[in-house]
Amino acid sequence: MASAQELLQAFDSLLTPERFSDYGPNGLQVEGRPQVRRVVSGVTASRALIEAAVAARADALFVHHGLFWRGQDGRITGWMKQRLALLLRHDINLFAYHLPLDAHPEFGNNAQFGRQLGLRADARFGQQDLGFIGAREDGGTWSAGELARHVEQVLGHRVVQVGGEGRPLQRIAWCTGGAQGSFEAAIAAGADAYITGEISEPQAHYARECGVAFLACGHHASERYGAPAVAAHVAAQCGLEHQFIDIENPA
């Protein structure tokens, strides 16, 4: 057992949220019971995940997407009331880390995503160095179609692939989630292909015009790996039980 404050200190020490300019508060977003024995991790603090954490008798919930975001309506109504009511009724602590969880070099979303795909990063790029770039661990190359099929097979999620046909792809860049806006930074960093969660209209044109492959593999699908890695690591440090619960999401 550990105190909620000890758990917060462990997460903060590992993820160093003070280094990031983010879209919402990182750390303890909702205070629950003072002592923690069991931690549940997940991607998003949805009602379904909170209900699953209640069923798992969790004392703390650790997520990538928390409840509070810059610029949102601050009224506690509708879905926000329902989620908060569940957390408060069951006295569950909610810990949320957004960009710090993406960026951690070992346990973060991008590091774990690359490991799943058999990629080894040797450099970082983009705003706040969130993007990773490197190559296959075995030193090989893919065609654009082969890379898309590989990502699809590993993640179990449909991949949208645009551009990059007709040449071997050696330098692979990636940034999980909704990082389609970092495509141009990936190109400037020397990428032959860029993998992220989503694609917007401009990226299809950039990919066709510059010859760099763009792969959108799903926001949720790409961000399933950092939260359980961090939570498991910290739970082991603090002598706590940990369980990852994945709430299916087609996005």
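Which helix is Ser222 found in? In this predicted model, Ser222 belongs to helix H9, which covers residues 219-222.

Let's look at the surroundings of this serine. Is Ser222 buried or exposed? Its relative accessibility is 1%, and buried means under 20%, so Ser222 counts as buried. Leaving aside residues up to four places away in sequence, Ser222 touches Phe113, Thr176, Gly177, Gly197 and Cys217. There is also a polar contact to find: the side chain of Ser222 reaches the backbone oxygen of His219 at a distance of 3.0 Å.

Now let's move to strand E5, made of residues 60-65. How many of its six residues are buried? The count is six of six, and the strand is mostly covered. On one hand, E5 pairs with strand E4 (residues 38-44); on the other, E5 pairs with strand E6 (residues 93-96). The table sets out these two pairings.

| Strand pair | Bridges | Direction | One facing pair |
|---|---|---|---|
| E4 and E5 | five | parallel | Ser41 and Phe62 |
| E5 and E6 | four | parallel | Phe62 and Phe95 |

Phe62 appears in both rows: this E5 residue is the bridge partner of Ser41, and Phe62 also stands opposite Phe95 in E6.

How does the chain get from one strand to the next? From E4, the path goes through helix H2 (residues 47-55) to E5, in a right-handed β-α-β crossover. E5 then forms another β-α-β unit with helix H3 (residues 78-89) and E6, and this unit is right-handed as well.

Definitions and conventions:
Residues numbered from 1 in each chain as written. Predicted model: local features only at pLDDT ≥ 70, side-chain atom pairs only at ≥ 80, totals over all residues. Heavy atoms only, no water. Helix = DSSP H or I, 4+ residues; strand = E, 2+ residues; numbered from the N terminus. Buried < 20%, exposed > 50% of the residue type's maximum accessible area, 1.4 Å probe, protein only. Polar contact = N/O pair within 3.5 Å; in protein donor to acceptor, adjacent residues only side chain to side chain. Contact = heavy atoms within 4.5 Å. Pairing = 2+ DSSP bridges. Right-handed = clockwise from strand over helix to strand, strands pointing away.
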